2 protein chains.
Amino acid sequence: MEALDYHAEERRKAEFDLEEMKIVFRKDNRTMLSRKDLFKDTLRKAAHAWKRIIELRLSEEEAHMLRSYVDQPAFTDLHWGMFIPAIKGQGTEEQHEKWLPMAYKMQIIGCYAQTELGHGSNVQGLETTATFDPQTDEFVIHSPTLTSSKWWPGGLGKVSTHAVVYARLITGAQDHGVHGFIVQLRSLDDHSPLPGITVGDIGMKFGSGAYNSMDNGLLRFDHVRIPRNQMLMRFVTREGKFVQSDVPRQLVYGTMVYVRQTIVSDASCALARAVCIATRYSAVRRQFGSQNGGPETQVIDYKTQQSRLFPLLASAYAFRFVGEWLKWLYTDVTQRLQANDFSTLPEAHACTAGLKSMTTSVTADAIEECRKLCGGHGYLSNSGLPELFAVYIPTCTYEGDNVVLLLQVARFLMKTVSQLGSGKKPVGTTAYMGRAEHLMQCRCEVERAEDWLKPSVILEAFEARAFRMSIACAKNLSKFSNPEDGFSELSPDLLEAAIAHCQLIVVSKYIEKLQQDIPGKGVKRQLEILCNVYALHLLHKHLGDFVTTSCITPKQGALANEQLRLLYSQVRPNAITLVDAFNYTDHYLGSVLGCYNGNVYQRLYEEAWKDPLNDTVVPDGYLEYVWPILKQHIRTARL
Amino acid sequence: MEALDYHAEERRKAEFDLEEMKIVFRKDNRTMLSRKDLFKDTLRKAAHAWKRIIELRLSEEEAHMLRSYVDQPAFTDLHWGMFIPAIKGQGTEEQHEKWLPMAYKMQIIGCYAQTELGHGSNVQGLETTATFDPQTDEFVIHSPTLTSSKWWPGGLGKVSTHAVVYARLITGAQDHGVHGFIVQLRSLDDHSPLPGITVGDIGMKFGSGAYNSMDNGLLRFDHVRIPRNQMLMRFVTREGKFVQSDVPRQLVYGTMVYVRQTIVSDASCALARAVCIATRYSAVRRQFGSQNGGPETQVIDYKTQQSRLFPLLASAYAFRFVGEWLKWLYTDVTQRLQANDFSTLPEAHACTAGLKSMTTSVTADAIEECRKLCGGHGYLSNSGLPELFAVYIPTCTYEGDNVVLLLQVARFLMKTVSQLGSGKKPVGTTAYMGRAEHLMQCRCEVERAEDWLKPSVILEAFEARAFRMSIACAKNLSKFSNPEDGFSELSPDLLEAAIAHCQLIVVSKYIEKLQQDIPGKGVKRQLEILCNVYALHLLHKHLGDFVTTSCITPKQGALANEQLRLLYSQVRPNAITLVDAFNYTDHYLGSVLGCYNGNVYQRLYEEAWKDPLNDTVVPDGYLEYVWPILKQHIRTARL
């Protein structure tokens, strides 16, 4: 299945001298390190990666690949992923010339200081102030309250020398809302915080390795002064007059589409990792069902295991294809922006917001489900799944909280519905809403289980369900005299309508993908099976939606379930090939249970002895705390 | 709401000298300790707890309370919870006299060595052997394969001096299946492993504190000899003849009912903890919705937050009440066993298996949902939720894997259905199946949203749904010529039928509870509201089940959803009181976000500075790994 080569970058990785890398970037001891040691280990890896990037003259994209291969969150992620893009996207030409060369050489290291203790989703509620002082032509950056403390920015806690700080621009008595400012935080001589700056790490997070390698930070300003020309994207005259720049606001949406598109691709990768581990281990693990003293049944052969695992395998592929499509969407949006065509932006924005939300929520839950599918041994850190879960879940919160994003999608859907009669044609992923009459009337024509294999049948059912749920919401909303009250009151239903819409997008992009040529013998057939698994498992999971909107009958729902069972049997023989096609190295996968050669028990046994607790036969603390118990001396023991 | 005093034991705790305990049993630094330091800290706490237990002459039950208050998994949990009960339950009088006094004084410390690397759920597949040697009147305990290594037993890795080891009894050429044996593992002089014994810790697990305080162990035997009288419950004569003991096999089920009953109560407690944290923080956290410069909206006032949080609050109460009922069931079963009445055992066993599975799965997911409900800050360890999740999830695997247990329930349901025509009346929680004709024909009579508030309406809908799903499964099963093939093929559907049955039990026991007197002004009213929330959120979540079985119409489903929304508004004013009623101390809750006085931001800020990374302003590793980057010396740096 070479055509499914999941990571093109894997090939490039071979050039990174893999054997040496395994030692330099070893991952197996991460969960045993103390916070300080883990952090120092991360600094070491970041330095080594940077050294290699320079030595090998890697392109920016290749450097990004190498960092993702290191697979340990570090300050460099924010420097390259947020600090530099913020300056590039929001800075003037002059600012580019001054700051970018230093940043590219890492003569300065930056982070992105937006979130505060009291405000995350509501960016417009940030409290940090940047007050213009016309006397000195400076901004005074200040943290007026406890809740205005910057909180969470990665790389801020211990490393960054600079930050893009978001603060309320105040000129005179006027509050101009939130803007970005380049602020130096630490001395370039001795790394000590500059006067007026209080900075530190916010402490331990979920998991034992995971994001604890990152110095997520807190930051407070006590009237810190910066020159006027360090405000991004805007211009304030010497006289304190605030003038809008001519950079169109819509450009920000372009960046959002880009960032969220990469998050969807990453979701597919993370999900594929978890599924690869669970699938391989399910083929190794045997339990029950021995007949005449023969081997027991592989757990992957149990229908209960298949019905939980194979839909996740299908989702990994589905998210990959929708991720590919989002890449196209981004280039399309970019071209239109360059031509000053903003017409598709709202739809593209809603679409990427919804897909970011849906794919990351599903992936987070799926990683934990894969852990459960590995039984007891999935609870061991060296299964790779606990750490993968812990390091993945913040994705549901950052770059837009998943619930907040879905509500934005719902709002867009309601707007689209309200304009249906107006002659304004819905575009892009909402185009199906243009066939309102048909979608309200159509009846699913499935009579036998195999009718559910037809893409057109599936697509229509998903379109009708999504549309009818939106229409039902719109109808209920119209009963409220104040639309905002209605939106708030009905928000749980609106979330469900938004999810139905997002699932439709993924299903339809998967079906579109299958209309193309797909190289590799038999590959297309396997992908078709998975596409059906993806759609029908959703249909079964949300059966209530489909039936109560009369999109399908209960009988048709039962037939879909029957077909789904048959499909699982067709996935089974190729399940291992389908996860091998992701092409993850054992080092990258980082899982004893998911190792390629399947020698799971031997490796579990060997790994166990590496735990520091096994350094000595008698544990530290035995003499003080166990011996007095056994010898009945506990009453007089000094504890 | 004093009548809802969630923990009677809290009152007793006051006597444990709380202030001192907070220092001795401090929890706030747990996630920052290395594995070795965490383990030593656990030994220290266990010793201190034992000292207090002796000093205060605590009863066994009170000692258990104290240990649960310490809230850190330790070897003592297994010594008291598994080793001693195994000897008590399976040992002879003679064995009791020999071993129990030593165990009660902790002159020996024991664990429960059942699970192996290759076998968990399938206990009958264990590979460790205990071969009787008639020459010496001994058993030879041996690990013949890698997969026969004992793996997971808590307290085994570094502490236990003894273990109850499960092994296949071999006499002559005959294999008598799996039995328990008391085996000494370590010297009582110097704690070193005895000859022929290889023992160690299996390594890091999920989370950073969590179960890493426990020395889950591995164990291999190389022909270790023990006297004949250390086999539990059975008798082997000098001549090697194996004789069944007269202890009835059914007693084992009695113990299972007991253990699973405590797991259900614990699920309620863990869920209540998570809900308490999320509810309190949701009332503190404000985001968006500021009007005219006033404060923003408390997130608990958002319907999306309520629709995710309040069903979990309701579940915490529902699980508490079903747990109370299970306590009664256990005493009933015990009395019947003493009277040699085994008639209710299969039903009681299926019921507790199902409730163990359902409540622990829901609780595990709910803890993570509560973490998400706390937004970004829920990802911080000091929110208490990451560690609560990591320490809770093994419950879904131990004492019966949750999927395996549900399949047992399904099997029992299919058996009950098959006997319906035979005149054998279904008992206990399956009694409703006796009204087969009515449940197949009844029609829900809901016409207005408020009709869904009637307990009889809810109960009938849940009974009809559970029954019809079981009947549908039975019907599909009958199409298979080999029933086992059918059971295997249809197992995903059977799981759903089992879950429907378990949900019915919880709903019906909650309704029964409300038929009793409940002291405290207005308490009953609040509990009624939560009961309706519990039932109607399940109905909404599983709408497909209810509608496709024609138990309710789509219209009635929409009315239930409407009623649910109204109920959320009724829960809101009392939400804080309802979680305060759980009566958790701040120390026990261990959450900055859930602290009683709501001073969340101040505490977050203070806690951050305790992280070891903040010990120094410039982090360890700066000179070696960051300075060379900034100063462009990386190519020549020694990394």
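Is H191(A) buried or exposed? With 0% relative accessibility, H191(A) counts as buried. The close-ups below start from this residue and then visit other parts of the model, which is predicted.

**Figure 1. H191(A) and N292(A), two loop residues with positive phi.** H191(A) belongs to the loop that runs between β6 (174-184) and β7 (197-201) of chain A. Its phi is near 70°, a positive value in a residue that is not glycine. N292(A), in turn, sits in the loop between α7 (251-284) and α8 (303-338) of chain A. Here phi is near 55°, again a positive value in a residue other than glycine. At 85% relative accessibility, N292(A) counts as exposed, whereas H191(A) is buried.

**Figure 2. Helices α3 and α4 of chain A, side by side.** Two packed helices are described by the angle between their axes and the distance between the axes. For α3 (residues 35-55) and α4 (residues 60-70) of chain A, the axes come within 10 Å and cross at roughly 150°. That angle is over 145°, so α3(A) is roughly antiparallel to α4(A). The crossing of α3(A) and α4(A) is right-handed. On the α3(A) side, look for K45(A), A49(A), R52(A) and I53(A); they meet A63(A), L66(A), R67(A) and V70(A) of α4(A). Sorted by class, this contact has 5 nonpolar, no polar and 3 charged residues.

**Figure 3. Helices α9 and α15 of chain B, crossing at roughly 90°.** This view moves to chain B, where α9 (residues 345-373) and α15 (residues 491-514) have axes that come within 9 Å. Their crossing makes α9(B) roughly perpendicular to α15(B). From α9(B), the contact is made by C351(B), G354(B), L355(B) and M358(B), and from α15(B) by C502(B), Q503(B), I505(B) and V506(B). By class, 6 of these residues are nonpolar, 2 are polar and none is charged.

**Figure 4. E399(A) in its loop, beside helix α10 in the sequence of chain A.** E399(A) is listed by UniProt, in an unreviewed entry, under "active site". You will find E399(A) in the loop between α10 (385-392) and α11 (402-418) of chain A. This residue is partly exposed, with a relative accessible area of 27%. Setting aside residues up to four places away in sequence, E399(A) touches M82(A), V259(A), R260(A), I263(A), K356(A) and L405(A). As for α10(A), 7 of its 8 residues are buried, so this helix is largely enclosed by the rest of the structure. The buried ones are L385(A), P386(A), E387(A), L388(A), F389(A), A390(A) and Y392(A).

**Figure 5. K524(A) in helix α16, and a span taken from UniProt.** K524(A) lies in α16 (residues 523-541) of chain A. Its relative accessible area of 26% makes K524(A) partly exposed. Neighbours within four places in sequence left aside, K524(A) is in contact with L514(A), Q515(A), Q516(A) and I518(A). The C-alpha atoms of K524(A) and M65(A) are separated by 28 Å, while the two residues are 459 residues apart along the chain. For "domain: Acyl-CoA oxidase C-terminal", an unreviewed UniProt entry lists residues 455-631 of chain A. That span is 71% helix and 0% strand, and its end C-alpha atoms lie 73 Å apart.

Methods. Residues numbered from 1 in each chain as written. Chains lettered and ligands numbered in written order. Predicted model: local features only at pLDDT ≥ 70, side-chain atom pairs only at ≥ 80, totals over all residues. Heavy atoms only, no water. Axes fitted to C-alpha atoms, helices over the stretch in contact; angles between N-to-C directions. Helix = DSSP H or I, 4+ residues; strand = E, 2+ residues; numbered from the N terminus. Parallel < 35°, antiparallel > 145°, perpendicular 65-115°, else oblique. Left-handed = near helix turned anticlockwise from the far one by under 90°. Contact = heavy atoms within 4.5 Å. Nonpolar A, V, L, I, M, F, W, Y, C, P; charged D, E, K, R; others polar. UniProt positions renumbered as here; feature names shortened; annotations may be inferred. Buried < 20%, exposed > 50% of the residue type's maximum accessible area, 1.4 Å probe, protein only.
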